[in-house]
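I opened this model to look up how its chains are arranged and what their strands do. My notes follow in the order I took them.

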Number of protein chains: 2
Amino acid sequence: MNDTFLKACRGEDVPYTPVWIMRQAGRYLPEYQAVRSGIDFLTLCKTPELAAKVTLQPVDILGVDAAILFSDILIPVEAMGMRLEFSDKKGPVLTEPIRTRSGVDRLVIPDTEDAMPFVIDTIRILRRELENKVPLIGFSGAPFTLTTYMIEGGSSKSFVHTKKMMFQHPGLFSMLMDRITTTVVSYLSAQINAGAQAVQLFDTWAGALTPEDYKGFVMPHVKRAISELKKEGVPVIYFVNECAGLLDEVKKCGADVIGIDWRIDIEKAIKRLGKKVAVQGNLDPCALFLPRERMEDRVKDILLKGESAKGHIFNLGHGILPETPVESAIAMVEAVHKYGGKQ
Amino acid sequence: MNDTFLKACRGEDVPYTPVWIMRQAGRYLPEYQAVRSGIDFLTLCKTPELAAKVTLQPVDILGVDAAILFSDILIPVEAMGMRLEFSDKKGPVLTEPIRTRSGVDRLVIPDTEDAMPFVIDTIRILRRELENKVPLIGFSGAPFTLTTYMIEGGSSKSFVHTKKMMFQHPGLFSMLMDRITTTVVSYLSAQINAGAQAVQLFDTWAGALTPEDYKGFVMPHVKRAISELKKEGVPVIYFVNECAGLLDEVKKCGADVIGIDWRIDIEKAIKRLGKKVAVQGNLDPCALFLPRERMEDRVKDILLKGESAKGHIFNLGHGILPETPVESAIAMVEAVHKYGGKQ
């Protein structure tokens with residue numbers, strides 16, 4: 001088995017730097033488009049054979065060192081009792097955003113086997129079909145990021161409704177975060193029990209907060225989620241987008257691996273995060289539009305700087321973009337494998 | 001004359017901390033809405049009497065220590081020869097984005113008096129009507145931010161077209177940045193000659209870049225703009241949104257004042273920027289939704305931390321939001337004046 005990824009998560013010696021790509025299964029791959037052309041996005045997420053199929057595509061096409069479950073971060077939110085729709089223009093829409101106590105009260109803590117059996121089935125198929133070729137990563141949105149979708153009803157620019165609840169009804173906000181955190185822990189534990197060999201929490205929108213609000217309103221829930229998940233015995237990755245102003249707090253989260261975006265130099269990030277944690281990232285997704293040689297120079301630079309961390313997993317600093325040429329993603333993975341090696 | 005703002009820009013002793021608000025003239029004010037209801041946005045920008053009128057509104061209503069020219073950052077872009085339209089849904093749209101050499105070649109360096117006389121007229125009216133009550137700030141988009149609009153054709157999430165040109169045609173990108181920088185310098189110099197007593201460059205989208213790309217592709221142009229503007233003898237403010245990963249570069253820009261957003265602790269920002277520059281910011285615009293007492297606590301915290309800078313001008317970390325209650329903006333200004341004082 002190629003367990004380079006798992007070893008790097010734990011900070012153990014590895015023969016080379018492992019790599020995977022956030023959103024590695026997706027729109028930039030013609031093979032994915034072929035599957036997606038016959039089915040809507042949410043149905044694809046909920047059809048285990050097809051979700052497993054698109055999960056496996058990048059493993060073969062790119063040669064990455066880990067697979068990640070194909071799903072949507074709002075799946076557990078829907079299971080909590082909200083109505084989820086996808087619009088091609090607006091992306092995900094939760095039709096009745098939560099802004100009151102009664103809205104919070106109506107949310108259930110779903111049992112994953114009952115409410116999201118397709119996720120469990122997808123993971124079981126994947127573990128069988130992967131035959132231990134590479135490890136399988138499970139994932140969930142982090143509590144704050146899921147909360148923003150639930151309060152805003154979709155994506156947002158300035159998160160006015162989220163911050164209004166946070167600032168004007170901090171008790172209610174905390175109750176909502178707590179309920180979501182419990183769901184996230186239960187959901188990821190079920191993924192681990194079904195076979196996920198590591199889990200990642202995506203905190204896509206944490207960077208919208210001041211460091212002080214992040215510390216007070218978000219970090220306690222992140223810490224609880226991670227400490228409960230660590231009892232399951234697999235590595236926990238916490239990805240924080242727009243992390244540059246938050247790292248002094250993020251370092252206290254307890255995760256095995258911190259995922260960082262591209263807006264900060266990885267060497268400086270590692271210095272601030274310290275020696276107790278592995279780091280994942282941080283190539284700008286747009287760097288895959290560079291001519292090959294210059295893209296490789298950036299890969300080499302990040303690999304070199306990554307050596308100062310307890311462990312380094314190469315990745316983009318955010319999801320791969322739909323416009324990305326597949327050959328560039330392949331070339332990136334090749335470059336990581338060629339140049340990234342702890343001596 | 002209340003010259004507290006200008007003194008703070010230069011790092012001179014001030015009796016209290018001056019304050020103004022980015023986008024202080026705008027949609028959150030009923031008095032602005034009343035003017036705007038009879039006229040479209042672009043016509044308002046181009047009608048000196050009305051642009052001056054809305055510029056003055058917040059000076060009286062909020063009691064801020066500076067006025068800032070009411071205009072749109074894309075005005076000089078339109079004057080360079082691009083067609084600008086405003087859509088209520090999409091915001092500003094440049095109908096023929098620039099992605100080729102011939103597109104760059106078609107751009108002119110406009111003479112402000114000829115191509116944007118309404119800006120000059122607005123400033124002259126303002127200086128007369130302000131009667132030296134508070135100083136008047138002129139402004140322009142910074143070169144990179146204007147360039148992203150010109151290449152993308154409007155707002156963007158991932159700036160794919162901008163970075164594609166930057167990465168695949170760096171010579172062309174640099175030529176475009178150079179032309180825009182020349183325009184920005186000429187435009188702001190004309191504003192200063194007409195009476196603007198300080199100028200601010202808004203780099204709203206600089207935070208989308210890696211620190212390395214910011215250093216290589218953006219900073220040389222920012223430095224040139226600032227060094228040429230400083231010959232005009234008024235303070236230059238450089239506002240960088242999402243600055244947390246970029247400050248070690250930003251500090252080299254040569255501006256009198258660095259404006260920072262709210263995603264970084266101002267105390268840490270000041271430490272990284274050093275003692276040679278004044279700092280402007282950095283309250284989260286959403287903090288104006290806090291109950292008054294807790295909003296004031298945040299104001300006090302920023303004021304206290306701001307004392308370690310060479311000079312501190314209080315402001316939000318980005319533009320005031322349309323949903324903001326006016327009384328909260330007034331309370332913020334009052335709190336700054338009450339609690340902010342260098343001994």
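Entry 1, the two copies. I superposed chain A on chain B with a rotation of 180° and 0.0 Å of shift along its axis, at an RMSD of 0.0 Å. The two copies are thus related as by a two-fold rotation axis. I note that this is a predicted model. I then asked which residue of chain A comes closest to the rotation axis. Ala244(A) does, with its C-alpha at 2.7 Å.

Entry 2, the contact. I looked up how many residues each chain puts into the contact. Chain A gives 23 residues and chain B gives 22 residues. On the side of chain A that touches chain B, helix α10 (residues 160-168) of chain A supplies the largest share, five residues. Sorted by class, that side of chain A holds 11 nonpolar, five polar and seven charged residues. I also checked whether the copies use matching surfaces. Of the interface residues of chain A, 96% are also interface residues in chain B, so the copies meet through the same surface.

Entry 3, the sheet in chain B. I traced an open sheet of seven strands with parallel pairing, in the order β1-β4-β5-β6-β7-β8-β9. At its edges stand β1 (67-68) and β9 (312-316) of chain B; each has a single partner strand, so one side of each lacks a neighbour in the sheet. Within the sheet I followed one pair: strand β6 (residues 236-240) and strand β7 (residues 257-260) of chain B are parallel and share four bridges. Phe239(B) has Gly259(B) in β7(B) as its bridge partner. Helix α11 (residues 170-194) of chain B lies across β4 (136-141) and β5 (198-203) of chain B, and I read its angle to β4(B) as about 165°.

Entry 4, the hairpin. I turned to strand β2 (residues 84-87) and strand β3 (residues 91-94) of chain B, which pair in the antiparallel sense over four bridges. β2(B) and β3(B) make a hairpin, with three residues between them. Opposite Phe86(B) I found Pro92(B) in β3(B).

Entry 5, the core. Which residues have the most contacts inside the largest nonpolar core? They are Tyr238(A), Val279(A), Tyr238(B) and Val279(B), in a core of 248 residues. I listed the contacts of Tyr238(A), leaving aside its neighbours within four places in sequence. Among them are Leu201(A), Asp203(A), Val222(A) and Ile226(A). The list also includes Cys253(A), Ala255(A), Ile258(A) and Gly259(A).

Key
Residues numbered from 1 in each chain as written. Chains lettered and ligands numbered in written order. Predicted model: local features only at pLDDT ≥ 70, side-chain atom pairs only at ≥ 80, totals over all residues. Pairing = 2+ DSSP bridges. Helix = DSSP H or I, 4+ residues; strand = E, 2+ residues; numbered from the N terminus. Contact = placed C-beta atoms within 7 Å. Axes fitted to C-alpha atoms, helices over the stretch in contact; angles between N-to-C directions. Least-squares fit on C-alpha atoms with pLDDT ≥ 70 in both. Nonpolar A, V, L, I, M, F, W, Y, C, P; charged D, E, K, R; others polar. Core = buried A, V, L, I, M, F, W, Y, C linked by C-beta atoms within 7 Å. Buried ≥ 20, exposed ≤ 12 C-beta atoms within 10 Å, placed from the backbone.
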